[in-house]
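Welcome! Here are a few notes to read alongside the picture, starting with one bond and then moving outward.

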Amino acid sequence: MKKILLASFLLIGLAASAQSTDLDPFDINYSYVNLPSKPIVDKKNRTYSFVTNIDRNLQYNKPQYFIENQVTINGFEKKQKNGYLSVEVVLQNPAITKKEITNRVSSSKDKNGRVTNKYYYTVVYSYTQDGNAKVVSSDGKVSKIINFTAQRSAKSQEYENYSQAESFQYGIQNLIRNNFTTEVINTLNNELNDEFGYPVKSGTDKLWILANKKHPEQMAEYNAYLTVKNAFDKMNFAEPTTDIANEVKDAIAYFESLPTKYNEDEKAHRKIRYSAYFNLAKIYYLLDNPAKASEYCQKLIANDYDKSDGETMLKANNELQLLLKANQLTNRHFAVETKNFIFEEKQPVYSGSTSSAPATNAPYSIETDQNYILAYMLTVKKDTIAGYLHKSRAMNLSEAVTVTVKDFQGKFSERNIKANEVSRLILSNGEEYATVSFKLSVDNGGMTIAAASKKFVKEMFVGKKIGVYQYFNGEVILKMANESEGKSNASASWMLGPKKRFEEMAKGCPLLLERVEKKEFKNNLESILSFAEALEACK
C-alpha cells in the first residue's frame with residue numbers, strides 16, 4: 001500500500017512539474033542609434049538646407065519659418081543655405097470642397113406615451129491639399145519626392161447644440177491648415193530620418209522567464225535575467241557595448257545550458273528551450289550581433305513552440321545586417337552630433353512694444369469700416385493695447401491675433417500678438433476673451449495636437465473655483481482655479497466618461513455629487529455652465 005501511495009505522489013509531482021513551466025515577460029532597457037536606409041556615408045556631406053514656396057495663407061498665425069524650424073534630420077547640420085541636401089518644399093493653401101451641418105434625431109417615449117425628439121448636429125466637410133517636397137543632393141546622387149497632394153473628408157464630433165456645430169464650422173479653414181501643416185512636418189521628419197538620419201532609439205524589450213517559483217530552474221533563470229537587466233540598464237547609445245557584453249557572459253552561458261538540460265520532445269521542455277533561445281537571440285540582437293542572434297532564431301523556429309517569434313526576430317536580424325553594411329558600421333552605438341540653425345523672421349524693433357513689429361499700413365478709414373471691431377488687450381506686463389480687429393478673425397481666434405493699431409504719429413499698422421503675451425481681450429461688442437493653456441482635442445481628421453499652449457477662449461463663466469471657456473471650434477474648456485491648464489470637453493477622457501470628470505470636480509460638495517450620480521449633467525456647454533454655477537455656490 002505504501003509503495004502504491006509513493007508511486008502516486010511521484011506521478012503527481014511529475015505532473016505538477018510539467019504544469020509549472022509558464023513564462024512571464026520581464027523588461028530590459030536598451031538604447032541605440034537607429035540606422036538610416038540610405039545613409040550619407042561621408043560625414044562632411046551630412047548637411048541640409050531648405051528652399052520653400054509656401055502660400056502665406058497656409059501659415060496663418062504661424063511664424064514665417066515655422067516648417068523650417070520644426071523639421072530636423074538627426075546627426076546632420078541644418079544650414080541657412082547651400083546644404084548638401086536641399087529640401088525644396090512647395091505648399092498651397094488647402095481648398096474646402098464641401099462644408100455642411102448634418103443632423104440626427106433620437107426619439108424617446110415616456111410612460112405616458114409622449115414622444116420627445118433630441119437633435120444632434122455634426123459638421124461634415126471635404127477638402128483638397130496640394131504640395132510636395134523634393135529632396136536633392138548637390139552632387140545629384142540623391143533625388144526624392146515626398147507628395148502631400150490628397151483629397152480628404154472628415155467630420156466633427158456630434159454636438160447637442162446647433163450653435164456649437166456652427167461655431168466649429170466657422171473655424172474649419174484654420175483647422176484644415178493646422179492639420180496640413182502638422183502632416184507635412186511629421187512626414188518630413190519621419191521620412192528624412194528613416195532614409196538619412198541617425199535618431200536615437202531608447203525603450204524597453206523583454207525576456208521570457210519561468211513564472212512558477214516552485215520550478216527548480218526559476219530562481220536561476222530569474223537571476224540570469226537580473227544580470228542582463230542590470231547590465232542593459234547602463235546601455236547608452238553613444239558608448240560601445242563591450243563592457244555590457246562582458247557583464248552578461250555568465251547569463252548567456254546559463255541560457256545556453258538549458259537546451260541541453262531540457263532536451264526532451266515534450267511541451268514543458270520545449271517551453272524552457274523557447275525561453276532560452278528567445279532570450280539569447282534578443283540579447284545578441286541588442287548587443288549588435290545579428291549573425292549570432294540569427295543562430296538562435298533558427299533554433300527557436302526548429303524548436304516549434306511559437307516559432308513565429310523566431311521568424312519575426314530573424315527578419316529583424318537580416319534587416320540590421322543590411323543596415324550595418326550600408327552604413328559601413330559594425331554596431332549601432334556611437335555619438336550623434338546634430339546642429340540646428342534657427343531661422344528667425346527679421347523685423348524692425350520698436351521700443352515699448354511687447355508684440356511683433358508693424359507689417360503693413362492699413363487705410364485710415366479702418367476706424368469707420370464696418371468689417372472691423374475695436375479690441376482692447378491687457379498684456380501680461382499690464383500694458384493696454386487698443387486696435388482694430390477684422391470681424392472674420394474674431395470668429396477663429398487661436399494662438400495669436402492680428403490687430404491694426406495707430407501709433408503716436410497717427411499712422412496705422414498691423415501687429416501680430418501672441419496669446420501668451422495677453423491676459424485678456426475685450427471687444428467693443430461686449431465679448432470678453434481670456435487666454436488659457438490647454439490641449440486641442442477636437443476631432444480633426446485623425447490628427448491631434450498633443451502639446452498644451454495658450455489660446456484665446458471666450459469667457460462663458462468665471463468664478464473663484466472654476467472657469468468655463470469656449471474655443472472658436474466649439475470645444476468647451478474647463479479650468480479649476482488650482483490648475484495651470486484647462487481641460488477640453490472634446491478630449492477622450494471627457495467624451496468617454498463625463499460622469500467621472502464631473503465627480504472629480506465635485507469632490508467636497510455632497511449635494512452636487514448627488515446630482516452628478518443621478519446623471520443630471522451632460523457633456524455640453526449648457527450643462528457644464530449649470531454645473532459650474534452649482535459648484536461655485538457650494539459652501
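1. Let's begin with the cross-link. This is a predicted model, and the structure holds one disulfide. The partners are cysteine 509 and cysteine 538, whose sulfur atoms lie 2.1 Å apart. If you look along the S-S bond, you will find an angle of 120°, which makes the link right-handed.

2. What does the pair tie together? Cysteine 509 sits in the loop between α13 (498-505) and α14 (510-517), while cysteine 538 is in the segment after α15 (525-537), so the disulfide joins parts that are 29 residues apart in sequence.

3. Are these two cysteines buried or exposed? Residues under 20% relative accessible area count as buried. Cysteine 509 has 6% and is therefore buried. Cysteine 538, at 16%, counts as buried too. While you are looking at cysteines, find cysteine 297 as well: its relative accessibility is 0%, and it counts as buried.

4. Cysteine 297 is one of the buried residues of helix α9, along with Pro290, Ala293, Ser294, Tyr296, Leu300, Ile301 and Asn303. The spacing in such a list is easier to read with one rule in mind: an α-helix has 3.6 residues a turn, so residues three or four places apart point the same way. The cover over the buried residues of α9 includes α7 (249-261), α8 (267-286) and α10 (307-326).

5. The α9 helix itself covers residues 290-303, 14 residues in total. From its first C-alpha to its last it reaches 20 Å, close to the 20 Å expected at 1.5 Å a residue. Just after α9 comes aspartate 304, which has a positive phi, near 60°.

6. Now for a sheet. Five strands form an open sheet in the order β3-β2-β4-β7-β8, and their pairing is mixed. β3 (77-78) and β8 (143-147) stand at the edges with a single partner strand each, so one side of each has no neighbour in the sheet.

7. How do β7 and β8 run relative to each other, parallel or antiparallel? They are antiparallel, and five bridges join β7 (residues 131-137) to β8. To find the pairing on screen, look for valine 135, which stands opposite lysine 144 in β8.

8. Finally, step back to the whole protein chain. Its secondary structure comes to 15 helices and 20 strands, and 44% of its 539 residues are buried. Among contacts with a separation of 6 or more, 67% are between residues 24 or more positions apart. The accessible surface is about 28,700 Å², and carbon and sulfur atoms account for 49% of it.

Note on methods: Residues are numbered from 1 along each chain as its sequence is written. This is a predicted model: local features need pLDDT of at least 70, side-chain atom pairs count only at pLDDT 80 or more; totals for chains, interfaces and linings use all residues. Side-chain values use heavy atoms; hydrogens and water are left out. Helices (H or I, at least four residues) and strands (E, at least two) are DSSP runs, numbered from the N terminus. Buried means under 20% relative accessible area, exposed over 50%, partly exposed in between (1.4 Å probe, protein chains only). Contact means heavy atoms within 4.5 Å. Accessible areas come from the Shrake-Rupley method with a 1.4 Å probe; for residues, only the protein chains shown count as cover. A disulfide is a pair of cysteine sulfur atoms within 2.5 Å. The expected span of a helix is 1.5 Å times one less than its number of residues. Two strands pair if DSSP finds at least two bridges between them.
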